[in-house]
Amino acid sequence: MRWHPVAALAAALSLGLTGTALAEDPRADPGVEVLSVDHDPYKRMTIPVTIGGQGPFPFLIDTGAQATVLSRGLADRLQLNDRKTATLVGMASRQQVETTPVDDFTLGSRSFYVRQAPLVEGQHIGEGADGILGLDALQDQRVVLDFNKGEIAVADAAEKGGNRGYEIVVKARERLGQLIITKARLDGVTVDVIIDTGAQGSVGNLALLNRLRRAREIGETEMTDINGVTLAGALRLGRELQIGDANIRNLRILFADTSTFGSLGLSSRPALILGMSELKLFQRVAIDFRTRRVLFDLPADVAFETRPPLIQNRS
């Protein structure tokens, strides 16, 4: 999802923690594959992959996408011509698209078989990316997004388990491969939270908006989904999102009745897609699909006190 904000408001992170954090470098573990990361113009994370021994090709890491997606141009170049049709659910639309199997999809030293990869126009993925690495290629893995070092560490969750080095560990439930945090609260309202590394900003459903009638409108924005369909709407201010012991303040949220919430059965209960503008407030975020946990590592310059200061998002 590409998101183009018209009005900006900085987010802040506050933390109710005591003690000292133990740092852990994923590169110290030989079972962990560490990959360098590039950022696309919308601040999402891309990594190199190979297909059939060819490449590397830059792919977005998208923990909000159920399927791995290829650009139509890349599929044509690789002569992936065994194609069928399927319905691709985007943030703002549902469309019939071509799909193709991918026999030898390699991320670092790990190879995957992608049974059915949707094909979309390259401009709908984002500049500088040839595809999207989705949940079908990430199951049973732990994905560590290190915003400080600009790296992604990918490992089998059994090899890279444990919570050492993370101050906040939150249990989640699984639905259609997606991890959903169910015990978060936004301005006092219990809300289901989806961690989405493919979204630049955060999106709330209408059930959440109805519970936040006093949410202040702060501007306008528009987003373009994977099918190229644009959805415009008003940005509203979420004052404080509580996830475990972390409080994220001043969230810019676009509220919309999107297909994503419906496909996950979340249309009738308050739900929020948490995008990169908030995730990057943390030093690291680990998404452990096997143990169904999301782990957060606080910035190194945070003083761990009973009443710690806010961490300002200055980007």
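This section walks through the predicted model of the chain, from its overall make-up to its confidence, its largest pocket and a few individual residues.

The chain is built from five helices and 25 strands. Of its 315 residues, 55% count as buried. The surface that the chain exposes comes to about 13600 Å², and 43% of this is supplied by carbon and sulfur atoms. Among contacts with a separation of 6 or more, 68% join residues 24 or more positions apart.

Before turning to details, a word on confidence is helpful. The mean pLDDT of the chain is 78, with 78% of the residues reaching 70 or more. Helix H1 has the highest confidence, at 96, whereas strand S3 (residues 33–36) has the lowest, at a mean of 40. Two stretches call for some care. Over residues 2–43 the pLDDT stays under 50, and the model has 149 contacts beyond four places in sequence for this stretch. Residues 303–315 likewise stay under 50 in pLDDT, and here the model has 31 contacts beyond four places in sequence. Where pLDDT is low, it is best not to read the predicted coordinates in detail.

The largest pocket is a convenient place to begin exploring the model. About 600 Å³ of space lies within this pocket, and 27 residues line it. Nearest the centre of the pocket are Ala-65, Gln-66, Ala-67, Leu-88 and Val-89. Strand S8, strand S10 (110–120) and helix H4 (259–263) each contribute at least two residues to the lining. By residue type, the lining divides into 13 nonpolar, nine polar and five charged residues.

The backbone also has some features worth a visit. The peptide bond that runs from Gly-55 to Pro-56 is cis, and its omega is near 10°. Pro-56 itself sits in strand S6, which covers residues 54–61.

Positive phi values are found at two residues that are not glycine. For Gln-79, phi is near 55°. This residue belongs to the loop between helix H1 (72–77) and strand S8 (84–89). Gln-79 counts as exposed because its relative accessibility is 62%, and the cut-off for that class is over 50%. Leu-176 has a positive phi as well, of about 55°. Its place is the loop that links strand S15 (173–175) with strand S16 (178–186). With a relative accessibility of 47%, Leu-176 counts as partly exposed.

Two pairs of residues show how sequence separation and distance in space can be read together. The first pair starts from Ser-109, in the loop between strand S9 (94–107) and strand S10. Ser-109 has a relative accessibility of 55% and therefore counts as exposed. Ser-109 and Ala-155 are 46 residues apart along the chain, and their C-alpha atoms are separated by 10.0 Å.

The other pair starts from Leu-237, which is found in strand S20 (residues 230–243). At 9% relative accessibility, Leu-237 falls under the 20% limit and so counts as buried. Between Leu-237 and Arg-249 there are 9.2 Å from C-alpha to C-alpha, with the two residues 12 apart in sequence.

Conventions:
Residues are numbered from 1 along each chain as its sequence is written. This is a predicted model: local features need pLDDT of at least 70, side-chain atom pairs count only at pLDDT 80 or more; totals for chains, interfaces and linings use all residues. Side-chain values use heavy atoms; hydrogens and water are left out. Helices (H or I, at least four residues) and strands (E, at least two) are DSSP runs, numbered from the N terminus. Buried means under 20% relative accessible area, exposed over 50%, partly exposed in between (1.4 Å probe, protein chains only). On a 1 Å grid over the protein atoms alone, a cavity is a set of points where a 1.4 Å probe fits but cannot get out, and a pocket is an open set with protein on both sides within 12 Å along at least five of seven lines; lining residues have an atom within 4 Å of a point. Grid points are joined across faces, edges and corners, and a volume is the space filled by probe spheres set on the points. Ala, Val, Leu, Ile, Met, Phe, Trp, Tyr, Cys and Pro count as nonpolar, Asp, Glu, Lys and Arg as charged, and the others, Gly among them, as polar. Contact means heavy atoms within 4.5 Å. Accessible areas come from the Shrake-Rupley method with a 1.4 Å probe; for residues, only the protein chains shown count as cover. pLDDT is the predictor's confidence in each residue, from 0 to 100.
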